[in-house]
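Below are my notes on the model you sent round. They deal with the ligand site, the enclosed and open spaces, and two backbone details.

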Amino acid sequence: MIKIANGTVITASDSFKADVFIDNGKVVALGQMPDAKADQTIDATGQYVIPGGIDCHTHMDMPFGGTSSSDDFESGTIAAAFGGTTTIVDFAIQSKGSSMRAGLDAWHAKAEGRAAVDYAFHMIMTEANPQTLEEMASVVREGVTSFKMFMAYPGVFLVDDQQIFKAMLRAGELGALITMHAEIGLPIDVMVQRALAEGHTAPVFHALTRSEVAESTGTERAIALAEMAKVPVYMVHLSAQRALERVMEARDRGLPAYAETCPQYLFLTEDHLRGEPGNEWKGAGYVCTPPLRPAHHHDHLWRGLRNYDLSVVATDHCPFCMKDQKELGRGDFSKIPNGMPGVETRLHLLWEGVTKGKISMNRFVEITSTAPAKIFGMYGKKGTLAPGADADVVVWDPNKKFELSKKNLHMKVDYSPFEGHVVPGSASHVFSRGELIVKNDAWVGKSQKGRGQFVRRGTFGL
Ligand code: URP
Ligand code: ZN
Ligand code: ZN
């Protein structure tokens, strides 16, 4: 029996002083029990005890843009753990012309024996044809209960409205959830080609060719399709005010429209894509899709998180090294692999939001753990501190300052988009299924590689 003593437990709904007892990988009791005996006691005086983070949007070892994201399931999940995230949901890919079975098998092979914390999968669906629509049932039965479809990336991931609509209808039958990359990619591609033809090759043109309107229009369209199909829909990586307004309107009409945003859209701006005087190439490290937006969007997104119009903060962790990977787009911004590292720094940055009064501590727990657990069918096992839940527990020290810097972080990438940013708090202890794996920035778990387990998720539960 392990006892986390004298801390303040924070859940999505409550804050209370309690000791947390862990046995056999599970939370077994919470309460003020000064005399209760334990084999191991962690003193959490002055600290918060929260459910382990759930990052429901990662891309480990993903082939993309002519290369593969630089973190694999081993390095990426170790980094996640250091940052207080104990479960990730990664995107398996059904490649065009291939089956979901093949995609899922490939992702199991990437993760099994490598992941250091628990993991689940969404399935990226690049075709909704009779075979893939049929296959959705077996994928759902295997605990992969959400599908991502893209309105962007023509020729790679883009699917048309008819396919999206068919997949939504099928998801409705199966109790699965369609998640949408809601940027309209066909006009974006024209903008990109026009910019290149005019000689604009620098990273900032990634942002200047992917307008906020392309995202808000995609968002509106995805919501309309879901409304017609009478199913819930979840917008991934929402970045901008007008797209958020489309989600707000839908929710005000009572529609089950959900959206996540990511720390990069809350903290970084389009200006980061401009690089530095004399070094505009530095902006390549900030190329992700949708792009970073001008600073005024930040307040709208924080308000969306406070008001429950945004449900989740995930990372869209998709790192590429500046050397050899982002380099592919020198001289042509459209060839810069899209994505940024983030799986390790999400809780740090969101906690800064708490200290600045942007969100409450309970909302912090909700958007980083409880809501993704509920939306993606893991709640009860994950996403809360209650008897019977997996003992994925983080002791969060609100006074443990931490510098977000390449030298302190574990993600396998040669830069940090937040280099030098000092955050006010960080994890002192991280438990995964009852095992203390990280203590004061050192790995103390018995094993690392391969200790993570696949999480079979339930169907959409809200
Ligand atoms: O830039 C990004 N977001 N890369 C990952 C692919 C995606 O669309 O999520
Ligand atoms: Zn996407
Ligand atoms: Zn993504």
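The points below start with the ligand and end with the backbone.

1. Status. The model is predicted. The distances, volumes and angles in the points that follow should be read with that in mind.

2. Where the ligand sits. Ligand 1 is located in the largest cavity. The volume of that cavity is about 140 Å³. Its lining comprises 18 residues, and those nearest the centre are H59, F64, Y153, T289 and D316. Sorted by class, the lining of the largest cavity has eight nonpolar residues, eight polar ones and two charged ones.

3. The shell around the ligand. Which residues come closest to ligand 1? They are K148, H181, T289, D316 and N338, out of 14 that surround the ligand. By class, this shell consists of five nonpolar, seven polar and two charged residues. T289 and D316 are among the closest residues to ligand 1, and both are also among those nearest the centre of the largest cavity.

4. Polar contacts to the ligand. A nitrogen atom of ligand 1 has a polar side-chain atom of D316 at 2.5 Å. On the oxygen side, an N or O atom in the side chain of H181 is 3.1 Å from an oxygen atom of the ligand. A polar side-chain atom of H57 lies 3.5 Å from an oxygen atom of ligand 1. How much of the ligand's area does the protein bury? Ligand 1 taken alone exposes 270 Å², and 100% of that is buried by the protein.

5. Other cavities. The count of cavities of 30 Å³ or more comes to four. The second largest has a volume of about 50 Å³. Residues that line it include F82, G83, E344, H348, K400 and F402, and further along the chain N408, L409, H410, S426, A427 and D441 also belong to this lining. The classes here are four nonpolar, five polar and three charged.

6. The largest pocket. This open space holds about 400 Å³. There are 19 lining residues, with Y153, D189, R210, S334 and N338 closest to the centre of the pocket. Which element gives the most to this lining? Helix α5, residues 185-197, does, with five residues. By class, the pocket lining has nine nonpolar, seven polar and three charged residues.

7. Residues shared between sites. Y153 is listed among the residues nearest the centre of the largest cavity and also among those closest to the centre of the largest pocket. N338 is one of the closest residues to ligand 1, and N338 is likewise one of the closest to the pocket centre.

8. A cis peptide bond. The bond from T289 to P290 is cis, and its omega is near -5°. P290 belongs to the loop between α9 (263-267) and α10 (297-306). T289, on the other side of this bond, is one of the residues closest to ligand 1.

9. A positive phi. R433 is a residue other than glycine with a positive phi, near 45°. R433 is placed in the loop between β19 (426-432) and β20 (435-439).

Conventions. Residues numbered from 1 in each chain as written. Chains lettered and ligands numbered in written order. Predicted model: local features only at pLDDT ≥ 70, side-chain atom pairs only at ≥ 80, totals over all residues. Heavy atoms only, no water. 1 Å grid on protein atoms, 1.4 Å probe; cavity = no way out; pocket = protein on both sides within 12 Å on 5 of 7 lines; lining within 4 Å. Points joined across faces, edges and corners; volume = space filled by probe spheres on them. Helix = DSSP H or I, 4+ residues; strand = E, 2+ residues; numbered from the N terminus. Nonpolar A, V, L, I, M, F, W, Y, C, P; charged D, E, K, R; others polar. Near = heavy atom within 4 Å. Polar contact = N/O pair within 3.5 Å; in protein donor to acceptor, adjacent residues only side chain to side chain. Areas by Shrake-Rupley, 256 points an atom, 1.4 Å probe, with all protein chains shown as cover. Sits in = over half its atoms within 2 Å of the grid points.
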